[in-house]
Amino acid sequence: MPEKPPRQGTSAARAPRRVRADAQRNLKTLLEAALAVFATAGVDAPVRDIAEKAGVGIGTLYRHFPQRSDLIVAVFRNGVDCCADAAATLAQEYPSVEALSRWMQYYVDFIATKRGLAAALYSGNPAYDSLPAYFEQRLVPALQSLLDKAGAAGEIRRDVDPFDLLKAVAQLCNSAPGGDPEHTNRMVALLIDGLRYGAGKETRPGD
């Protein structure tokens with residue numbers, strides 16, 4: 001007679017779900033640990049340091065990321081995703097211009113953390129060729145949604161190109177003396193104020 005399958009709610013039935021949840025937590029912890037290590041020690045830091053900081057074995061790290069480039073790509077994409085997803089959250093929680101301003105500061109923080117990845121991202125390694133397109137694909141629509149909301153409310157001008165604004169802020173971050181985040185934040189605040197010039201005019205990019 002065949003053995004009865006375990007009833008729902010038993011430890012045997014829950015095991016696969018628990019394994020998946022543990023694997024997901026390990027992945028999230030690894031990405032956070034890698035970002036922190038890359039920011040302080042660069043992308044050539046020993047992967048053992050990342051595993052130790054994440055509190056997992058080196059084998060767990062290699063199961064998720066067989067090559068160092070796999071880990072670097074995942075860290076970058078995760079940062080882009082978090083930044084993009086923040087736009088919708090901020091739009092729900094704050095008035096239009098405040099949501100835009102807060103998101104821009106979030107983006108500044110993202111650029112600052114990306115400095116730890118710079119050596120790899122601009123190395124010419126083809127493993128990273130897809131990242132600029134991913135950056136644009138995720139962040140341009142996120143920023144556009146915030147600009148549209150603020151423009152529709154008559155709070156800012158409506159002819160702002162989101163990609164131009166992303167590039168401008170990145171350049172501000174890279175030109176800040178000594179990488180001073182406070183200086184960058186002040187300059188970004190001034191940039192947001194400048195978007196108010198011409199507010200209410202019915203113009204769009206390309207008009």
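## Salt bridges between α7 and α4

R138 forms a salt bridge with D85, and their closest N and O atoms lie 2.9 Å apart. Because R138 belongs to helix α7 and D85 to helix α4, the pair ties together parts that are 53 residues apart in sequence. The model under discussion is a predicted one. With a relative accessible area of 44%, D85 is partly exposed. R138 also counts as partly exposed, at 23% relative accessibility.

A salt bridge also joins the side chains of R138 and D81, with an N to O distance of 3.0 Å. Here R138 in helix α7 is paired with D81 in helix α4, so parts 57 residues apart in sequence are tied together. D81 has a relative accessible area of 22% and is therefore partly exposed, given that buried means under 20%. D81, D85 and R138 are thus linked in a network of salt bridges. In general, side chains of opposite charge can pair when their charged atoms come close.

## A salt bridge within α8

The structure holds eight salt bridges. One of them connects D164 with K167, whose closest N and O atoms are 3.9 Å apart. Both residues lie in helix α8, three residues apart, which is about one turn of the helix. D164 is partly exposed, with a relative accessible area of 44%, and K167 is likewise partly exposed, at 39% relative accessibility.

## A buried lysine without a salt bridge

K114 is found in helix α5. This residue is buried yet has no salt bridge. The nearest side chain of opposite charge, that of E136, is 13 Å away, whereas a salt bridge requires the nitrogen and oxygen to be within 4 Å.

The side chain of K114 does make a polar contact, at 3.2 Å, with the side chain of Y122. Leaving aside residues up to four places away in sequence, K114 touches F76, L121 and Y122.

## The largest nonpolar core

The largest nonpolar core has 60 residues, of which W103, Y107 and L139 touch the most other members. The elements that give two or more residues to this core are α1 (11–41), α2 (47–54), α4 (68–93), α5 (96–114), α6 (118–121), α7 (131–152), α8 (162–175) and α9 (181–194). Helix α4 gives the most, with twelve residues. In soluble globular proteins, nonpolar side chains tend to be buried together.

Beyond residues up to four places away in sequence, Y107 touches C83, F135, L139, L166, V169 and A170. L139, one of these contacts, is also named among the core residues that touch the most other members.

## Contacts of A91

A91 is placed in helix α4. Its C-alpha atom is separated by 8.7 Å from that of S145, although the two residues are 54 residues apart along the chain. When residues up to four places away in sequence are not counted, A91 touches A99, L146 and K149.

## The two faces of α2

The buried residues of α2 are V47, I50, A51 and A54. Around the axis they cover an arc of only 95°, which means that they sit on the same side of α2. The exposed residues E52 and K53 are carried on the face of α2 turned away from the buried side.

After α2 comes G55, which has a positive phi, near 75°.

Notes. Residues are numbered from 1 along each chain as its sequence is written. This is a predicted model: local features need pLDDT of at least 70, side-chain atom pairs count only at pLDDT 80 or more; totals for chains, interfaces and linings use all residues. Side-chain values use heavy atoms; hydrogens and water are left out. A nonpolar core is a set of buried Ala, Val, Leu, Ile, Met, Phe, Trp, Tyr and Cys residues joined through side-chain atoms within 4.5 Å. Buried means under 20% relative accessible area, exposed over 50%, partly exposed in between (1.4 Å probe, protein chains only). Helices (H or I, at least four residues) and strands (E, at least two) are DSSP runs, numbered from the N terminus. Contact means heavy atoms within 4.5 Å. Lys and Arg count as positive and Asp and Glu as negative; His and the chain ends are not counted. A polar contact is a pair of N or O atoms within 3.5 Å; within protein, one must be able to donate a hydrogen and the other to accept it, and residues adjacent in sequence count only if both atoms are side-chain atoms. The arc is that of the directions from the helix axis to the C-beta atoms.
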